[in-house]
Amino acid sequence: SICRAHEYQCQSNNQCIPRSYQCDMERDCLDGSDEIGCSPVYIIKPPPPMVQLMPGETMVLTCTAIGVPTPEINWRLNWGHVPAKCTSTSVNGTGTLTCPDISIQDQGAYSCEGINVGGFVFAVPDAILIVKKDQDVCPRGTFNSEAQRPEDCISCFCFGVTDECRSANLFSYQIPPPFDRHRALNLDISGQSGPRLAGELTSFDAEIRPQGRDGVEIVVPRSESVPAVLKSGFEVPYFALPEAYHGSRLLSYGGYLRYTVRYSGDGRNNSAPSVVLMGNGRTLIHRGRYIPPDVETEESVRFFYGDWYKVEYGREIPATREDIMMTLAHVENILI
């Protein structure tokens, strides 16, 4: 190349310009080639979501980004500077952070930032460094890698296989709604043991209209043709999430179900729960807040102890962590 390492070579005219001029939204090459093919930064390989080390060990994190021009990789710790003992390199879009002699003070969230003249982006999630203590705080049968005292430990629940467990090196991500089929089910809420399925709504009962890629509208007509069970209030229509949400969803424990709801019309309120979770022969319910009519309301339900109830002999009692995990182990229906 006729250009030096810190220069960009234009496609014609044997012209060199400073590399920082490439993709700066100004035409610097005579042929304009410095503004062709530009793209923003994309992180294609984030660092691991969690790193656990013993004191004195060395931490090595890598992160890769693409873009035109090639991004540089920077690192931050808790939105500040990384420890002075750490060294970093950035070569062809791949950044490596090396921190020797790790100590408790080095714990925190390490952020990978990809940047070029077009902008910057942070990798998701951050890499969380946890430095283990010489002695585990949690006794056998409990776990919590962040516990400071035994009261912070959580009881193991491994379906009776073992009583030894540890915190998982996992992170949350959003499952996009692949709505290839829109289903609405009737639930009978009059039973003493909780809601039970009462069949699928047909086109005679209600009109089901897709709303974009990830929404649905259920319209119950105002006429004498409405089924008597719907009029009674004992059977309530619910939207059923697609089968992509069924099966083993144990990793969703601690995560959230988020949705937006809007309704119009009048009539008396019913006592139906907001969300119903079915699986492994269990039925759990969540009762949300009051939702006013004719307003889009964002709802958030966590798959966690305290957000779910089970019905026994007509009484609602809090679902235990074991109840929720057993239901998530084989989800058969999520109804909103």
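Trainee: Which residues form a nonpolar patch on the surface?

Mentor: In this predicted model, Tyr 42, Ile 44 and Ile 66 form that patch, and together they have about 310 Å² of accessible area.

Trainee: Why is Ile 66 called partly exposed?

Mentor: Ile 66 has a relative accessible area of 41%. Partly exposed covers values between the 20% and 50% cut-offs, so Ile 66 gets that label. Ile 66 is placed in strand 5, residues 59-68.

Trainee: What makes Asp 323 buried?

Mentor: Its relative accessible area is 10%, and buried means under 20%, so Asp 323 counts as buried. Asp 323 is in helix 2, residues 321-328. Leaving aside residues up to four places away in sequence, Asp 323 touches Arg 282, Leu 284 and Lys 310.

Trainee: Why is helix 2 described as mostly covered?

Mentor: Six of the eight residues of helix 2 are buried, so the description follows. The buried ones are Arg 321, Asp 323, Ile 324, Met 325, Thr 327 and Leu 328. They pack against several strands, including strand 20 (275-279), strand 21 (282-286) and strand 25 (331-335).

Trainee: How do you know that Arg 76 and Glu 113 meet in a salt bridge?

Mentor: The N to O distance between their side chains is 3.8 Å. The cut-off is within 4 Å, so the pair qualifies. Arg 76 is in strand 6 and Glu 113 in strand 9, 37 residues apart, and the pair links distant parts of the chain.

Trainee: Are the two partners, Arg 76 and Glu 113, buried or partly exposed?

Mentor: Arg 76, at 27% relative accessibility, counts as partly exposed. Glu 113 has a relative accessible area of 7% and is buried.

Trainee: What makes Arg 287 and Glu 316 a salt bridge?

Mentor: Their closest N and O atoms are 2.7 Å apart, which is within 4 Å, so the pair counts. Arg 287 lies in the loop between strand 21 and strand 22 and Glu 316 in strand 24, so the bridge ties together parts 29 residues apart in sequence.

Trainee: Why is Arg 289 called exposed?

Mentor: Arg 289 has 53% relative accessibility, and exposed means over 50%, so the label applies. Arg 289 forms a salt bridge with Glu 299, and Glu 299 is buried, with a relative accessible area of 7%.

Trainee: How many salt bridges does a search of the whole structure find?

Mentor: The search finds nine.

Note on methods. Residues are numbered from 1 along each chain as its sequence is written. This is a predicted model: local features need pLDDT of at least 70, side-chain atom pairs count only at pLDDT 80 or more; totals for chains, interfaces and linings use all residues. Side-chain values use heavy atoms; hydrogens and water are left out. Helices (H or I, at least four residues) and strands (E, at least two) are DSSP runs, numbered from the N terminus. Buried means under 20% relative accessible area, exposed over 50%, partly exposed in between (1.4 Å probe, protein chains only). Contact means heavy atoms within 4.5 Å. Patches are made of residues with over 30% relative accessible area and no salt bridge: like charges are joined within 9 Å, nonpolar side chains (Val, Leu, Ile, Met, Phe, Trp, Tyr) within 5 Å. Accessible areas come from the Shrake-Rupley method with a 1.4 Å probe; for residues, only the protein chains shown count as cover.
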